Structures are given as structure tokens and as C-alpha cells.
Amino acid sequence: MDETSFIEYLDVKKAIDDRSLNSSVWHALVATMPKATRDHPWQVLELGAGIGSMIQRLIEWDFLHFACYIALDASPTFLSEASNRLGHWATHNGLGVQADKSGLSISDASHEIQIQFVAQEAQQWLSAKERFEQFDLVIAHAFLDLVHLETTLPLLLKGLRNEGLFYFTLNFDGLTVFEPPLEESLDEQIICLYHRTMEERLAGNQPSAGAYSGRRLMRVLHQAGGDLLRAGASDWVIHAVQGKYPSGEDRFLRFLLQMVEESLSERSEIEATKFRYWLEQRHRQIDQGQLSLIVHQLDLLGRRISG
Ligand SMILES: C[S@@+](CC[C@H](N)C(=O)[O-])C[C@H]1O[C@@H](n2cnc3c(N)ncnc32)[C@H](O)[C@@H]1O
């Protein structure tokens, strides 16, 4: 998918993520973070920040008031989109906005949020010693499946101050279901292959957390220096209501089909005509408001093990 389409995908995804985030994990985060003030702002790091959806969400949900926020992403295009979008959104909502070369400042009587955009590869950026023990909160949303957990997670946790929290959300966990079934064996073959492409994806020259990033995170967390405080499911469940999808969600389903199509197009394990038939039928189900999608994901909240 090209960057323009991916931006559109992230845009539609925001509302779906808003309702999918696990509320018990979210409320535990809200209850555990100490209060920030203008004089003592939170130091926040977000990895894989994309077009800035999480920053917007945290302000909309009345969580982020006073903060120095580093939004890191490997793509300068996404970060520049993040800066534009957040600037427009904040202005539209009556917040003051100032932009300069490295970032954006959003403020009013109850907000002062300095956002710095960093276009760099996450592991490289985290490896520098000056990042250690810097952050009160580290966020990674729909991101950790893309990295090698055993090397990235210890670095991420080292970035936290004593008592600092991590909030790792929407970690894909091995289940994609398109309903209703077309032909069960064909559905199964396609989904298995789709997950396999995630399992084979490399982060640099190491395996990425892949299709089971949620449970793998839980497995390696303690060894990496993290204590789990709360975990819960943040599944996407997308369906039409009386034949119509909520705003933009049919587009989201088509984006997911495009991802399946792109990841399997070079695979010899599936017969091209069968795959084409499957895709056409799935698109037709969207046209008719009949396709539903369930994707299993996990949210994790925790803190660095002190000492
Ligand atoms: C699935 S998107 C999620 C974006 C955003 N968190 C959201 O959910 O709207 C993953 C993001 O991670 C970024 N990314 C992927 N690998 C990265 C890496 N190794 N270092 C930094 N950013 C990376 C991509 O550019 C992309 O913006």
C-alpha cells in the first residue's frame, strides 16, 4: 500500500480503535498516572506514532493536559501529516497552536503540550544512552508486532523512569475472521498464509513479533524488565447495521482485503484464480453490507521493574 492510501487507512482506523481499546486497561492507566501540572509536565514517548491519532485521542479523552511528547515514526511523511492534522484539529477545537521546525505546541488554560516529531527507526533511536530513564509514559499502539521484541522491549523499558508506565495497545494476537465463511478450506488457507507472511516478516535481520505479538509480549515482558499491571482484549469487530456500515468502515474492510491481497500476491501456495475469486466475493459481500470482520488484539499496561 502506498503512503497516501496508508494515511487514509490510519485515518479510518482511528474511530475503530477508539471503540476497540480495552476500557479496563485504559481506566487503570488513568488511575495510575500521577497528575501532571504546567510546572511538572509528563515526559511521554510514542513509538510508531503514524499520523498522530493517539495524541488526538489522549486530548479528546481528557487525559493529556501538560506534557512534552515525543512522537517517533520511521516515516517523515506520516509525521508531517500528523503535524498538519493535529494543528487543524486543535485550531478547530479552540486550542492555541504554534508550529516550528521540530514540532507543535498545543495550549490553552488547561493544556500545554509540546510535541516533538522524530523521524527515525525506533530501535536505533532508543539505543542512545541519553534516552534511558527519561519517560513517565511510553506508548506503542498497533506497532510492536513490527519489531524484534527481545531487543526492542528492554530498550523501551529502560527509557522509563522509576514508576514510569507503559501502555502497549492493539497488539495483534493471531486471529482474523471474515464472516460469513465462503468456502471454509479456502478461507482457512488464505488466513493461514496471511498470518504466515506476518510471521516471516523481518525487523532488520531479526524476526518481528509477528502474528502473535500480544501473547509474545506477555511472555517476554518480565524478562525484559517489565511488570504487567493490567491486560485485556481490544478486538476489532466490524459489521454492517441494517446493510450499512458505520461511516468509513466499508473502506476499512477494503483496506484490509488490499493488505491480504498484497501480502499473498507473490505466494505460490495459493492458486491465483481461487484467490481472485475469494477477493471478488469478499468485495461483493462488502457492497451488499454482508461482510463482518473480527480481529483479536491485546492491550497491556505495566511499569518498569524498579532497581
Ligand atoms: C500500523 S502503523 C500504526 C500507526 C499508529 N500507531 C496508529 O495506529 O494510527 C505502524 C507505524 O509504525 C511505523 N514504523 C514501522 N516500523 C518502524 C520502526 N522500526 N521504527 C519506527 N517506526 C516504525 C510506520 O511508519 C507506521 O506509521
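## Strand β1 and its parallel partners

In this predicted model, strand β1 (residues 42–47) runs parallel to strand β6 (residues 135–141), and four bridges join the two. Within this pairing, Glu-46 has Ile-139 of β6 as its bridge partner. Strand β1 also pairs with strand β2 (residues 66–73), again in the parallel sense, over six bridges, and here Leu-47 stands opposite Leu-72 of β2.

The connection from β1 to β2 involves helix α3 (residues 53–60), and the three elements together make a right-handed β-α-β unit. Because five of its six residues are buried, β1 is largely enclosed by the rest of the structure.

## The nonpolar cores

In soluble globular proteins, nonpolar side chains tend to be buried together. The largest nonpolar core of this model has 61 residues, and the members that touch the most others are Val-44 and Ala-71. The element that gives the most to this core is strand β7 (residues 160–179), with six residues. Apart from this core lies another, of 13 residues, which includes Ile-190, Leu-253, Val-260 and Trp-278.

Which residues does Val-44 touch, if those up to four places away in sequence are not counted? They are Ala-67, Tyr-69, Ile-70, Phe-135, Asp-136, Leu-137 and Ile-139. Of these, Ile-139 is also the residue of β6 that serves as the bridge partner of Glu-46.

## The surroundings of the ligand

The ligand is surrounded by 17 residues, of which Gly-48, Gly-50, Ala-74, Ala-122 and Ala-142 are the closest. By residue class, this shell divides into nine nonpolar, five polar and three charged residues.

## The antiparallel strands around β12

Strand β12 (residues 292–304) pairs with β7 in the antiparallel sense over 10 bridges, and in this pairing Tyr-167 stands opposite Leu-301 of β12. Strand β10 (residues 226–233) is likewise antiparallel to β12, the two being paired over seven bridges, with Leu-300 of β12 as the bridge partner of Ala-231.

A further antiparallel pairing links strand β11 (residues 236–238) to β12 through three bridges. There, Val-237 stands opposite Ile-294 of β12. Strand β7 thus enters the description twice, as a bridge partner of β12 and as the element that gives the most residues to the largest nonpolar core.

## Two positions outside the strands

Is Glu-199, a residue of helix α7 (residues 184–200), buried, exposed or partly exposed? With 13 other C-beta atoms within 10 Å, Glu-199 is partly exposed. When its neighbours within four places in sequence are left aside, Glu-199 is in contact with Gly-210 and Ala-211. Its C-alpha atom is 36 Å from that of Trp-42, a residue 157 positions away in sequence.

Ser-268 lies in the loop between α9 (249–264) and α10 (272–287), and it is exposed, because 6 other C-beta atoms lie within 10 Å and the cut-off for an exposed residue is 12 or fewer. Between Ser-268 and His-195, which are 73 residues apart along the chain, the C-alpha separation is 15 Å.

## Backbone geometry

Most residues other than glycine have a negative phi, and most peptide bonds are trans. Against that background, the peptide bond from Glu-179 to Pro-180 is cis, with omega near -5°. Pro-180 itself has its place in the loop between β7 and α7.

Two residues that are not glycines have a positive phi: Asp-62, with a value of about 60°, and Glu-163, with a value of about 75°. Asp-62 is found in the loop between α3 and β2, and therefore in a connection of the β-α-β unit described above, where it counts as exposed with 9 C-beta neighbours inside 10 Å. Glu-163, by contrast, has its place in strand β7, yet Glu-163 is exposed as well, with 12 other C-beta atoms within 10 Å.

Terms used
Residues numbered from 1 in each chain as written. Predicted model: local features only at pLDDT ≥ 70, side-chain atom pairs only at ≥ 80, totals over all residues. Near = placed C-beta within 6 Å. Nonpolar A, V, L, I, M, F, W, Y, C, P; charged D, E, K, R; others polar. Buried ≥ 20, exposed ≤ 12 C-beta atoms within 10 Å, placed from the backbone. Pairing = 2+ DSSP bridges. Right-handed = clockwise from strand over helix to strand, strands pointing away. Core = buried A, V, L, I, M, F, W, Y, C linked by C-beta atoms within 7 Å. Contact = placed C-beta atoms within 7 Å.
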